[in-house]
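The following note sets out numbered points on the structure shown below. Each point takes up one residue, element or feature.

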Amino acid sequence: MNTISLKKASIYQHERCILKDVSFEIEAGEFVYLIGKTGSGKSSLLKTLYADLPAKEGEITIAGYDLRKIKRREIPMLRRKIGIVFQDFQLLYDRSVEENLSFVLDATGWEDKEMISKRIDEVLRQVGLPNKRKSMPHQLSGGEQQSIAVARALLNNPSVIIADEPTGNLDPDTTNDIMNLLIEISKQGKTILMATHNYNLILKYPSRIIKCEDGIVKDSK
């Protein structure tokens with residue numbers, strides 16, 4: 001089953017077409033790299049997939065949503081089915097790990113405090129940080145902060161994880177930890193689309209590659 005499908009899609013940044021005639025499909029549980037030089041359209045493609053930029057041309061579906069037809073009020077529902085991991089963690093630094101995670105669950109409609117607490121325990125165990133619940137972000141290493149960001153992306157049990165340069169701010173050892181975590185998550189059936197500049201990473205953890213170059217997308221599949 002395809003969790004991401006693009007057919008003859010064009011990707012726009014405002015009124016400018018960045019990528020043209022984009023066609024590829026990603027199946028459930030696939031781990032796929034998205035590569036390309038700075039300015040090649042990687043981030044615009046990812047932003048289109050999580051409906052931060054509008055889908056204007058062609059067919060684009062993700063996690064069961066048709067992005068050409070999606071209504072503004074449906075976007076929060078879409079983002080429950082997509083976990084997003086950013087390069088700069090984007091944690092709230094005035095709140096504990098627990099408060100960062102419960103904030104997301106509150107915002108996506110969870111109301112039962114016991115269920116919220118249980119889900120936070122589950123995702124912290126999943127990323128190997130069950131004892132960091134009460135920690136503040138500044139007390140964590142960069143790798144731990146990114147692991148918490150991955151835990152946050154997993155909260156609503158999404159079918160797709162979009163990771164935009166998730167190892168860009170990490171040292172090599174920590175990068176390996178995050179990669180092993182993401183690969184393990186994909187083995188559990190979640191689709192992962194990961195943008196990266198790190199070609200050593202691709203050599204070490206080979207997988208399918210989608211490349212943005214000269215306004216088009218090339219697929220190694």
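1. Thr196 is buried, with a relative accessible area of 2%. In this predicted model, Thr196 belongs to the loop that runs between strand 8 (191-195) and helix 7 (199-204). A polar atom of the Thr196 side chain lies 3.0 Å from the backbone nitrogen of Asn198. Beyond neighbours within four places in sequence, the contacts of Thr196 are Tyr33, Leu34, Ile35, Lys42, Glu165, Leu201 and Ile202.

2. Tyr199 is located in helix 7. Its relative accessible area is 45%, and Tyr199 is therefore classed as partly exposed, in a range that runs from 20% to 50%. Setting aside residues up to four places away in sequence, Tyr199 touches Ile35 and Gly36. Ile35 also appears among the contacts of Thr196. As a long-range reference, the C-alpha atoms of Tyr199 and Val22 are separated by 23 Å, with these positions 177 residues apart along the chain.

3. Helix 1 deserves a separate comment. Six of its eight residues are buried, so helix 1 is largely enclosed by the rest of the structure. The buried residues are Lys42, Ser44, Leu45, Leu46, Thr48 and Leu49. Of these, Lys42 is one of the residues in contact with Thr196. Just after helix 1, Ala51 adopts a positive phi of about 65 degrees.

4. How many aromatic pairs does the model contain? The count comes to two. One is formed by Phe31 and Tyr33, with an edge-to-face arrangement, 5.3 Å from centre to centre and 75 degrees between the planes. Phe31 and Tyr33 are both buried. Tyr50 and Phe86 also form an aromatic pair, again edge-to-face, at 6.5 Å centre to centre and with 90 degrees between the planes. Tyr50 lies in the loop between helix 1 (42-49) and strand 4 (57-62), whereas Phe86 lies in strand 6 (residues 82-86), so this pair ties together parts that are 36 residues apart in sequence. The 6.5 Å separation of Tyr50 and Phe86 should be read with the pairing limit in mind, which is a centre distance within 6.5 Å. Tyr50 has a relative accessibility of 7% and so counts as buried.

5. The largest pocket holds about 570 Å³ of space. Its lining comprises 21 residues, and those nearest its centre are Arg79, Ile84, Phe86, Val104 and Arg152. Helix 2 (75-80), strand 6, helix 3 (97-107) and helix 5 (142-154) are the elements that give two or more residues to this lining. Phe86 thus has two roles in this description, because the residue is also the strand 6 partner in the aromatic pair with Tyr50.

6. Val123 is part of helix 4 (residues 113-126). With a relative accessible area of 0%, Val123 is buried. Its contacts, leaving aside neighbours within four places in sequence, are Leu101, Ala151, Leu154 and Leu155. The C-alpha atoms of Val123 and Thr38 are separated by 32 Å, and these residues are 85 places apart along the chain.

7. Ser10 is situated in strand 1 (residues 2-13). Its relative accessibility is 3%, so Ser10 counts as buried. The Ser10 side chain makes a polar contact of 2.8 Å with the side chain of Glu57. Glu57 is also listed with Cys17, Leu19, Lys20 and Asp21 among the contacts of Ser10 beyond neighbours within four places in sequence. A separate interaction concerns Lys56, whose charged end sits over the ring of Tyr12, 5.0 Å from the ring centre.

8. Two further backbone conformations should be checked against the displayed structure. Ala63 has a positive phi of about 50 degrees although the residue is not a glycine. Ala63 occupies the loop between strand 4 and strand 5 (65-66) and is buried, at 10% relative accessible area. Phe89, also a residue other than glycine, has a positive phi near 70 degrees. This phenylalanine, Phe89, is found in the loop between strand 6 and helix 3 and counts as buried at 9% relative accessibility.

Conventions: Residues are numbered from 1 along each chain as its sequence is written. This is a predicted model: local features need pLDDT of at least 70, side-chain atom pairs count only at pLDDT 80 or more; totals for chains, interfaces and linings use all residues. Side-chain values use heavy atoms; hydrogens and water are left out. Rings of Phe, Tyr and Trp (its six-membered ring) pair if their centres lie within 6.5 Å; planes under 30 degrees apart count as stacked, over 60 as edge-to-face and the rest as tilted. Buried means under 20% relative accessible area, exposed over 50%, partly exposed in between (1.4 Å probe, protein chains only). Helices (H or I, at least four residues) and strands (E, at least two) are DSSP runs, numbered from the N terminus. A charge sits over a ring if NZ of Lys or CZ of Arg is within 6 Å of the ring centre and within 35 degrees of the ring normal. A polar contact is a pair of N or O atoms within 3.5 Å; within protein, one must be able to donate a hydrogen and the other to accept it, and residues adjacent in sequence count only if both atoms are side-chain atoms. Contact means heavy atoms within 4.5 Å. On a 1 Å grid over the protein atoms alone, a cavity is a set of points where a 1.4 Å probe fits but cannot get out, and a pocket is an open set with protein on both sides within 12 Å along at least five of seven lines; lining residues have an atom within 4 Å of a point. Grid points are joined across faces, edges and corners, and a volume is the space filled by probe spheres set on the points.
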